[in-house]
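Work through the exercises below with the sequence and the model side by side. Try each task before reading its solution.

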Amino acid sequence: VKREMVIANSKVRQIFTPFAPINMVDHLFGRETEVSHLVSVINSPGQHALLYGDRGVGKTSLATITCHMIDSAKVSSTA
């Protein structure tokens with residue numbers, strides 16, 4: 001109980017969140033190819049994107065960041 005109080009008071013859980021999806025474009029690294037492909041599929045009539053994979057590999061982060069980038073027009077629709 002005391003250990004949990006120390007951890008809660010340190011606010012470390014607000015900074016270190018390895019299991020929470022990334023929600024800021026600046027924090028997504030190394031997935032430019034996947035983002036470009038996703039945008040290309042989204043912009044193609046009749047095409048659908050499906051993200052799948054093991055738990056914790058970044059599916060939600062990839063989808064969230066791609067949407068943010070499309071909304072802010074930071075991604076070209078040509079891949």
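The exercises go from confidence to helices, core, surface and charge pairs.

**Before you start**

This is a predicted model, in which local features need pLDDT of at least 70, side-chain atom pairs count only at pLDDT 80 or more, and totals for chains, interfaces and linings use all residues. Residues are numbered from 1 along each chain as its sequence is written, and side-chain values use heavy atoms, with hydrogens and water left out.

**Exercise 1. Find where confidence is lowest and where it is highest in the chain.**

Step 1. Recall the scale: pLDDT is the predictor's confidence in each residue, from 0 to 100.
Step 2. Take the whole chain. Its mean pLDDT is 83, and 91% of its residues reach 70 or more.
Step 3. Go to the helices (DSSP runs of H or I, at least four residues, numbered from the N terminus). H2 has the lowest confidence, a mean of 80, and H1 the highest, at 90.

**Exercise 2. Decide whether helix H1 is largely in the open, and look just past its end.**

Step 1. Fix the classes: buried is under 20% relative accessible area, exposed is over 50%, and partly exposed is in between (1.4 Å probe, protein chains only).
Step 2. Count the buried residues in H1, residues 2-10. The number is zero out of nine, so H1 lies largely in the open.
Step 3. Move on to Lys 11, just after H1. Its phi is positive, about 65°.

**Exercise 3. List the residues of the largest nonpolar core and place Thr 66.**

Step 1. Use the rule: a nonpolar core is a set of buried Ala, Val, Leu, Ile, Met, Phe, Trp, Tyr and Cys residues joined through side-chain atoms within 4.5 Å.
Step 2. Read off the seven members: Leu 28, Val 35, Leu 38, Val 39, Leu 62, Ile 65 and Met 69. H3 and H4 each supply at least two residues of this core.
Step 3. Turn to Thr 66, in helix H4. Thr 66 counts as buried because its relative accessibility is 1%.
Step 4. Check its contacts (heavy atoms within 4.5 Å). Leaving out residues up to four places away in sequence, Thr 66 touches Val 35, Leu 38 and Val 39.

**Exercise 4. Classify Leu 50 and Asn 43 as buried, partly exposed or exposed.**

Step 1. Locate Leu 50 in the loop between helix H3 (32-42) and helix H4 (59-71). Asn 43 is in the loop between H3 and H4.
Step 2. Apply the classes. Leu 50 is exposed, at 68% relative accessibility. Asn 43 is partly exposed, at 45%.
Step 3. Add a distance. Leu 50 and Leu 38 are 12 residues apart along the chain, with their C-alpha atoms 9.0 Å apart.

**Exercise 5. Which residues form the two salt bridges?**

Step 1. Start from the idea: side chains of opposite charge can pair when their charged atoms come close.
Step 2. Set the cut-off: a side-chain nitrogen of Lys or Arg within 4 Å of a carboxyl oxygen of Asp or Glu.
Step 3. Take Arg 13 and Glu 4. Their closest N and O atoms are 3.2 Å apart. Glu 4 is partly exposed, at 39%.
Step 4. Take Glu 34 and Arg 31, which meet at 3.9 Å, N to O. Glu 34 is partly exposed, at 33%, and Arg 31 is partly exposed, at 22%.
Step 5. Close the count: two salt bridges by this rule.
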